[in-house]
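User: I'm new to reading protein structures and I'd like a close look at one part of this one. Could you walk me through the small sheet near the start of the chain and then show me how that part sits against the rest?

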Amino acid sequence: MSNGGAMPKDPNSKYDLTKISARVDKVNVSGLLRTHDDYVMRAADGLFKANNFQQMMLEAMAAKSYLHELGIFKDVSVHIDISRGADATPQGYEVTLKGKEFTRIMGSAGTEIGQNEGSLRTELTIPNILGRGESISLQGSYSSTRANDLQLKFWKPFFHTRFRENRPEVSFSVFRQTDRYDISSFQTTNLGYLLDFSVHTMLGVDLTHSLQYENSIRDLGLLNKSVPFGIRDHSGPKLASLLRYSLIFDNRDASVFPTRGILLKSVNEYCGLGGNIAYTSSTAHGEMNVPLFAGLVAQFCGRVGVMKETKKTTVLPINNLFYCGGPLTLRGFKYGSAGPVIDGTPIGAQTFWCTGAHLWTPLPFAGVFKGLASHFRMHLFYNMGNSNSFSMENMRSAYGIGLAVKLAERARIELNYCIPVRKQATDKAVNGFQFGIGYEFV
């Protein structure tokens, strides 16, 4: 940043930058190679409203952040100079936003965290192909335990329009997804396409909406020859055509180890617009965090799911039923084992609920190893839940203590010592250590 005279000092010094008159005469955005000018024009809106030096600097940083959000620049720098030329004003400045666009083709490879699984992921992306943020990507992921995905996706953001604050985006995907249900001895292969429209609304609270249409062929195959006939009846390909609506409210101060705030999430599906699968499904997840004292945080979580038949339903698809149990839903039980069974094999439930109460605490010597200790937490927990019944009768419950490790800012690993309290004869309880990895726990 440069100008022709003496620069004001830091706002904390004796100079008050709000009392230094300033206005922006001109804004330049350089580095546009494939991008159309109208896609970045709104970056200058706030700058022309500035009337003092501090406001101008804040608006310049906001413009830089906005250009990053457009998804076309690898890096953006800001340069401020005094205004020159015939149109210059006495307190005028010229702001230049210099961007470096992404290369025409980008590739990446790494690991990805799912719900109680990890996978290898590769991605090839062609960004900004039409000059207004449109991009296309080919993504693939492989997991030796449960899911494999291949997806070709095109998306178009509309952040440059007057609906910038709502962050609208549309996408179209063609996908092939394989999910293994080892506990029930079957796997599904889905081949289809997905249309998605997402938007934020801020009418009092910030909400994230997503409306999707999916059309896919779902092929259920058996993993061994001893699968019960109740599961065999679901094998073979079927066509699903459905609408899905999701709503998220999240004001937590962190996604992995929050100390305050609430998360509310719901997903609703209606399947039966075509094909030979029909059902309605609703799930809801909630989390509340309350700070206590000395770094202690009380956390309360809950999740509920309901799947119902429609007039078009012949049989509910087994791969869409709910599996309760495991380190992410009901600790102290193996994945999917806290529910109905047929011939000793879990088959999922039409309804389920589970709750969790946690007391989170930093490590005992967190003050000594501040940087490292921020990635670790200990917790005491109590979980309870049930399948195919919303009553407390015949419910399952467990309590214990565990250590959690943060993975970046998205997921965490848990190692818990679990003690089941209430269980059913067909449940597969885990009395001892249980390992879990994921991004959404109860």
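Analyst:

**The three-stranded sheet**

Let's start with the sheet itself, keeping in mind that this is a predicted model. Three strands line up in the order β1-β3-β2, making an open sheet with mixed pairing. The two edge strands are β1 (23-30) and β2 (73-82); each has a single partner strand, so one side of each has no neighbour in the sheet. Going from one strand to the next, the twist averages 15°.

What does "mixed" look like here? As background, strands of a sheet pair through backbone hydrogen bonds, and they can do that either parallel or antiparallel. In this sheet, β1 and β3 pair in the parallel sense, over seven bridges. If you want to find that pairing on screen, look for V24, whose bridge partner in β3 is Y93.

Now hop over to the pairing between β2 and β3. Strand β3 takes in residues 92-101, and nine bridges join it to β2, with the two strands running antiparallel. There are a couple of handy landmarks for this pairing too. H79 has T96 in β3 as its bridge partner, while F73 stands opposite E101 in β3.

**The helix across it**

Next, add the helix. Helix α1, made of residues 53-69, lies across β1, β2 and β3. Compare its direction with that of β2, and you get an angle of about 160°.

How does this match the records? An unreviewed UniProt entry carries the annotation "domain: POTRA" for residues 22-100. Over residues 22-100, the chain is 22% helix and 34% strand. The C-alpha atoms at the two ends of that stretch are 28 Å apart.

**How it sits against the rest**

Time to zoom out. The chain is divided into domain 1 (23-101) and domain 2 (158-438). Taken over C-alpha atoms, the centres of domain 1 and domain 2 are 43 Å apart. Where the domains meet, six residues of domain 1 are in contact with six residues of domain 2. Together, domain 1 and domain 2 bury about 620 Å² between them, and 52% of that is on carbon and sulfur atoms. Which residues on the domain 1 side supply most of its share? R42, Y66 and E69 supply 70% of the area that domain 1 buries against domain 2, more than any other three residues.

**A quick stop further along the chain**

While you're looking around, try Y181, which sits in strand β8 (residues 169-181). Is Y181 buried or exposed? Its relative accessible area is 9%, so Y181 counts as buried, the cut-off being under 20%. Leaving out residues up to four places away in sequence, Y181 touches R146, F186, Q187, T188, L223, N319 and Y323. By contrast with those contacts, the C-alpha atoms of Y181 and R164 are separated by 42 Å, although these two residues are 17 residues apart along the chain.

Pick N319 out of that contact list and follow it. N319 is in the loop between β14 (297-308) and β15 (341-342). N319 is buried as well, with a relative accessible area of 15%. Among the residues that N319 touches, again leaving out those up to four places away in sequence, are Y181, F186 and T188. R218 and L220 are also touched by N319.

Definitions and conventions:
Residues numbered from 1 in each chain as written. Predicted model: local features only at pLDDT ≥ 70, side-chain atom pairs only at ≥ 80, totals over all residues. Heavy atoms only, no water. Helix = DSSP H or I, 4+ residues; strand = E, 2+ residues; numbered from the N terminus. Buried < 20%, exposed > 50% of the residue type's maximum accessible area, 1.4 Å probe, protein only. Contact = heavy atoms within 4.5 Å. UniProt positions renumbered as here; feature names shortened; annotations may be inferred. Pairing = 2+ DSSP bridges. Axes fitted to C-alpha atoms, helices over the stretch in contact; angles between N-to-C directions. Domains from an automatic or database assignment. Buried area = accessible area lost by both parts, 1.4 Å probe.
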